[in-house]
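Subject: Handover of a structure and summary of findings

Dear colleague,

Please find below the structure that I am handing over to you. My summary of what was found in it follows directly after.

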Amino acid sequence: MPVHDWSRVDANLFHDFRQAWSIEIRNALNLGLLPLGYSALVEQHASGLVPDVLAVQRRTSNGGRPTPTGGLMTVDPPRTKHIFHSKQDNLAARANRIAIRHRLGEVVCIIEIVSPGNKSSRGALQAFVNKTHEFLNAGVNVLVVDLLPPTPRAPHGIHKAIWDEIEDVPFELTAEQPLVLAAYAAGDPTVGRSTTGYVEPVAVGANLPDMPAYLDADYHVMVPLEAAYQSAWDSCPNDMRYLVEHGRLPDEA
């Protein structure tokens with residue numbers, strides 16, 4: 001269904017929808033998209049970082065990392081409008097690796113839906129950017145979903161703010177497509193692999209494309225953002241849906 005203009009309603013409404021949407025994405029991943037041994041959980045925290053992220057985890061084992069089996073994985077590169085490859089020397093300079101683990105397994109991917117609070121101040125925006133880089137530097141892949149328009153603090157969108165910490169590459173969102181979806185496959189300087197970003201601009205009123213969630217350097221699953229969005233929207237209260245669609249409650253003149 002078409003993406004709504006969440007910037008014109010109270011942030012609490014989007015927070016409620018964001019929670020429901022995260023659960024729908026979690027359910028879709030766990031109901032056959034992820035391979036055997038992988039699971040998706042909504043995290044209240046992740047290694048001391050800010051709350052409300054969806055973590056894809058792999059059960060740990062004593063041996064090496066086997067090839068994932070089952071689910072709906074693919075090695076075909078995602079088809080997005082923009083693809084960014086970091087330079088190896090930049091990545092190596094920033095690769096301060098830390099271990100991010102969960103009691104059920106090793107976190108391999110974080111899916112985060114950007115909230116108004118992530119852009120509410122310069123400090124909040126920088127904290128979000130720093131957190132994303134902390135994950136990538138730890139070898140954790142990231143999918144960022146931003147349905148909120150650019151702000152003066154991030155005039156070219158959340159991807160530009162994130163990628164500027166890696167290297168300065170020209171990127172601008174258009175007035176026609178001011179929202180952005182960005183998937184990042186974490187690099188590994190020890191084997192000469194750079195971080196790769198797959199970026200798709202979207203617009204209010206457009207349908208959401210599926211986006212990749214990388215499980216390792218080779219394999220990813222496509223996250224059904226549109227189908228999950230529709231399911232979350234269908235569960236919203238009638239008054240909330242009316243307010244989002246019309247900018248007022250049904251009994252207001």
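How many residues lie between β10 and β11 in the hairpin that they form? There are five residues between these two strands. Before I continue, please note that the model is predicted.

**The hairpin**

Strand β10 covers residues 211-214 and strand β11 covers residues 220-223; the two run antiparallel and are joined by four bridges. Within this pairing, P212 has M222 of β11 as its bridge partner.

**The nonpolar cores**

The largest nonpolar core comprises 43 residues. W6, F17, W21, I25, L29, V56 and I111 are the members with the most contacts inside this core. Its greatest contribution comes from helix α1 (residues 11-33), which supplies six residues. A second core, separate from this one, has 27 residues, among them V144, I158, A161 and F171.

V56 deserves a separate entry. When neighbours within four places in sequence are left aside, the contacts of V56 include L29, L34 and Y38, followed by S39 and A40. Further along the chain, V56 is also in contact with E106, V107, V108, C109 and I111, as well as with L215. Of these partners, L29 and I111 are named with V56 among the residues with the most contacts inside the largest core.

**Aromatic pairs**

The count of aromatic pairs comes to nine. In one of them, W6 and F17 are stacked, with 4.7 Å from centre to centre and 25° between the planes. W6 belongs to the segment before α1 and F17 to helix α1 itself, so this pair ties together parts that are eleven residues apart in sequence. Each partner is buried: W6 has a relative accessible area of 2%, and F17 has one of 0%.

W163 and Y184 form another stacked pair, at 6.2 Å centre to centre and with 15° between the planes. Here distant parts of the chain are linked, since W163 sits in helix α4 (residues 157-163) and Y184 in strand β8 (residues 179-185), 21 residues apart. Both W163 and Y184 are buried.

W6 and F17 also belong to a cluster linked by ring pairs, together with F14, W21, Y229 and W233.

**Helix α3**

Helix α3 (residues 122-137) consists of 16 residues. The distance from its first C-alpha to its last is 22 Å, close to the 22 Å expected at 1.5 Å a residue. The buried residues of α3 are L125, F128, V129, K131, T132, H133, F135, L136 and N137. Just after the helix, G139 adopts a positive phi of about 85°.

**Salt bridges**

Five salt bridges are present in the structure. In one of them, E112 pairs with K131, and the closest N and O atoms are 2.1 Å apart. E112 lies in strand β6 (residues 105-113) and K131 in helix α3, so the pair ties together parts that are 19 residues apart in sequence. Both partners, E112 and K131, are buried. These two residues are also linked with R18 in a network of salt bridges.

A further salt bridge brings together the side chains of D146 and K119, at 2.7 Å from N to O. D146 is in strand β7 (residues 141-146) and K119 is in the loop between β6 and α3; the pair thus links distant parts of the chain, 27 residues apart. D146 and K119 are both buried.

What is the N to O distance in the salt bridge between the side chains of K160 and D168? It is 3.3 Å. The two partners of this bridge fall on either side of the accessibility limits, because buried means under 20% relative accessible area and exposed means over 50%. K160, at 11% relative accessibility, therefore counts as buried, whereas D168, at 67%, counts as exposed.

**Two residues far apart in sequence**

Finally, D10 is located in the segment before α1. Its relative accessibility is 45%, so D10 counts as partly exposed. D10 and L243 are separated by 233 residues in sequence, while their C-alpha atoms are 10.0 Å apart in space.

With kind regards

Note on methods
Residues numbered from 1 in each chain as written. Predicted model: local features only at pLDDT ≥ 70, side-chain atom pairs only at ≥ 80, totals over all residues. Heavy atoms only, no water. Pairing = 2+ DSSP bridges. Core = buried A, V, L, I, M, F, W, Y, C linked by side-chain atoms within 4.5 Å. Buried < 20%, exposed > 50% of the residue type's maximum accessible area, 1.4 Å probe, protein only. Contact = heavy atoms within 4.5 Å. Expected span 1.5 Å × (residues − 1). Phe/Tyr/Trp six-rings, centres within 6.5 Å; stacked < 30°, edge-to-face > 60°. Salt bridge = Lys/Arg side-chain N within 4 Å of Asp/Glu carboxyl O.
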